[in-house]
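Trainee: I should like to learn how to read a ligand site and a strand pairing from coordinates. May we work through one example together?

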Amino acid sequence: MKKGMVYLVGAGPGAEDLITLKGLECIKVGDTIIYDYLANKKLLKYSKKGCELIYVGKKGSSHTMEQEDINQLIVDKVLEGKIVVRLKGGDPYVFGRGGEEVEELLKYNIDFEIVPGITAAIAASAYAGIPLTHRNYTSTVAFITGHERDDKEFSKIHWDKIANGVGTIVFYMGVKNLPNIVKNLIQSGRSPETPVALIRWGTLPTQKVVDGTLQNIVERVQTAKLTAPAIILVGEVVSLREKLRWFDKKSLFGKNIVITRAREQASELNNTLTKLGANVIEFPTIEIVEPKDFTELDNAISSIRSYDWLIFTSVNGVKIFLKRLSHHKKDLRELYGIKICAIGPKTAEVFINSGIHPDLIPPKYQAEYIIEEMEKIGISGKRFLLPRAKVARDVLPNKISEKGGIIDVVNVYETILPDTNKGEVRELFNNHQVDYITFTSSSTVKNFLEMFANDSVKDWFKTTKLVSIGPITSDTLRESGFAPSIEAEEFTIDGLIAAILKDSEVS
Ligand code: SAH
């Protein structure tokens with residue numbers, strides 16, 4: 001039997017890309033991942049197929065699972081021969097009870113490794129624009145628990161020594177206890193004018209910072225209704241934030257953006273918006289599936305040498321076409337001499353990456369332009385193949401026939417309604433928290449409205465801006481009774497992002 005072991009992994013402070021390479025490797029190989037409330041759930045998508053995912057999170061005081069039970073769970077899984085990844089927010093050995101879990105493992109002689117993570121104090125302060133040390137301000141820093149435990153660990157803190165003996169003090173788990181922390185520091189001699197900042201959900205697009213001084217911070221935090229999880233940073237370095245802040249100055253910081261593209265296609269849009277500081281909520285309204293029946297495409301492939309032109313209108317069209325070609329033990333040499341038209345830069349890119357440079361890449365999807373370019377070589381009497389989605393509508397095939405070309409349109413993929421969890425998105429819309437929703441095709445509009453047919457979408461869209469990728473998608477919105485708030489000038493993902501940026505600058 002395979003011998004199990006445990007990786008105690010720090011997931012980092014929140015942002016998905018702040019885990020270590022080793023941490024990510026562990027997630028990829030684990031048979032069982034036992035994770036906490038503070039570990040970013042998005043990291044779980046890197047786990048291997050069939051990996052068992054167990055949530056044992058703690059949220060405030062309502063612990064989902066007691067520590068003893070977690071310890072037992074880890075031990076049980078390892079004894080089954082599993083590679084267990086114990087994934088914890090921040091660093092496992094900084095207020096993470098990692099030590100207790102390892103002590104338990106030792107009782108059973110279980111192998112383990114510790115993978116450090118970036119702890120909240122380091123990460124949240126960096127993202128808030130506050131260096132923990134600075135030669136002009138302080139050269140000492142302390143991490144302290146602000147949590148009052150029943151056994152009075154908190155009261156064991158030597159306030160007199162800390163208040164003036166340490167320059168920068170970071171409290172974890174201290175939001176509820178803030179009044180006591182402030183009182184203790186001031187009573188022990190720290191100046192009431194000392195700058196303080198609370199950073200909630202540091203490094204995430206939902207990061208929130210409230211700052212002030214020891215004297216007024218309690219009131220400010222109450223006004224801002226700031227709750228856990230947050231760190232409390234006390235010290236002169238906090239005053240540097242005004243000059244050094246960067247993360248919350250990003251163009252789309254604080255904006256909630258719902259994107260409705262198919263999951264396989266969403267990453268570029270998601271990554272770019274995230275880099276611009278937005279909180280992106282992926283809500284795929286489309287799933288792309290291969291056609292149930294390949295007969296049409298297979299027939300076309302078997303007589304592929306009879307075509308003069310192949311026209312592709314989407315990345316998926318190209319991918320499925322090439323895959324099917326290979327399925328028939330044919331390859332790119334089969335396309336020798338046949339002209340290729342790729343509509344849109346992304347579609348062209350798939351060809352270029354496979355070693356073929358398309359003969360025609362129209363800058364815009366405009367049938368007239370494409371026809372004009374093709375006529376330079378001649379359309380009449382020539383044979384065209386257009387592999388595309390079942391539902392796509394366009395005028396190109398008609399125009400080609402009008403000009404005397406012979407065109408075969410074959411179905412290469414279908415789009416269906418995915419089985420997506422609607423809960424999170426519904427809640428955001430109901431609370432009027434969505435700033436933008438992007439529609440990248442007519443199907444995304446139709447499917448979104450179908451998925452929420454019984455919700456008050458009309459009311460939702462009063463406070464959300466509808467971003468359309470181009471005129472056809474905008475028409476579909478209008479036909480459904482909604483006016484697009486923004487339309488991309490260039491009908492591409494980059495164009496869509498540019499349109500959102502432009503809008504966010506003026507509003
Ligand atoms: N092991 C974790 C700490 C767990 S204790 C680490 O190394 O970061 C839980 C406390 O960590 C929270 O109450 C809060 O004070 C702090 N914390 C964790 N993630 C945080 C984040 N993203 N932003 C602000 N504080 C965070």
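Trainee: How far is a nitrogen atom of the ligand from a polar backbone atom of G89?

Mentor: Please keep in mind that this is a predicted model. To read such a contact, one looks for a pair of N or O atoms within 3.5 Å. Here a ligand nitrogen lies 3.0 Å from a polar backbone atom of G89. For P13, a polar backbone atom is 2.9 Å from a nitrogen of the ligand. A ligand oxygen is likewise 2.9 Å from a polar backbone atom of A120.

Trainee: What percentage of the ligand's accessible area does the protein cover?

Mentor: On its own, the ligand has 550 Å² of accessible area, and the protein covers 93% of that.

Trainee: Which residues are closest to the ligand, and how many surround it?

Mentor: A shell is read by counting residues with a heavy atom within 4 Å of the ligand. There are 17 such residues, and D91, V94, T119, G202 and A230 are the closest. By class, twelve are nonpolar, four polar and one charged. Domain 1 (5–118) and domain 2 (122–249) each supply at least three residues of this shell.

Trainee: In what sense do strand 13 and strand 14 pair?

Mentor: For a pairing, one reads the sense and the bridges. Strand 13 (residues 256–259) and strand 14 (residues 279–282) pair in the parallel sense, over four bridges. I257, for instance, has V280 in strand 14 as its bridge partner.

Trainee: Which helix joins these strands in a β-α-β unit, and what is its handedness?

Mentor: Helix 9 (residues 267–275) forms that unit with strand 13 and strand 14, and the unit is right-handed.

Technical notes. Residues are numbered from 1 along each chain as its sequence is written. This is a predicted model: local features need pLDDT of at least 70, side-chain atom pairs count only at pLDDT 80 or more; totals for chains, interfaces and linings use all residues. Side-chain values use heavy atoms; hydrogens and water are left out. A polar contact is a pair of N or O atoms within 3.5 Å; within protein, one must be able to donate a hydrogen and the other to accept it, and residues adjacent in sequence count only if both atoms are side-chain atoms. Accessible areas come from the Shrake-Rupley method with a 1.4 Å probe; for residues, only the protein chains shown count as cover. Ala, Val, Leu, Ile, Met, Phe, Trp, Tyr, Cys and Pro count as nonpolar, Asp, Glu, Lys and Arg as charged, and the others, Gly among them, as polar. Domain bounds come from an automatic or database domain assignment. Two strands pair if DSSP finds at least two bridges between them. Helices (H or I, at least four residues) and strands (E, at least two) are DSSP runs, numbered from the N terminus. A crossover is right-handed if, with the strands pointing away from the viewer, the path from the first strand over the helix to the second runs clockwise.
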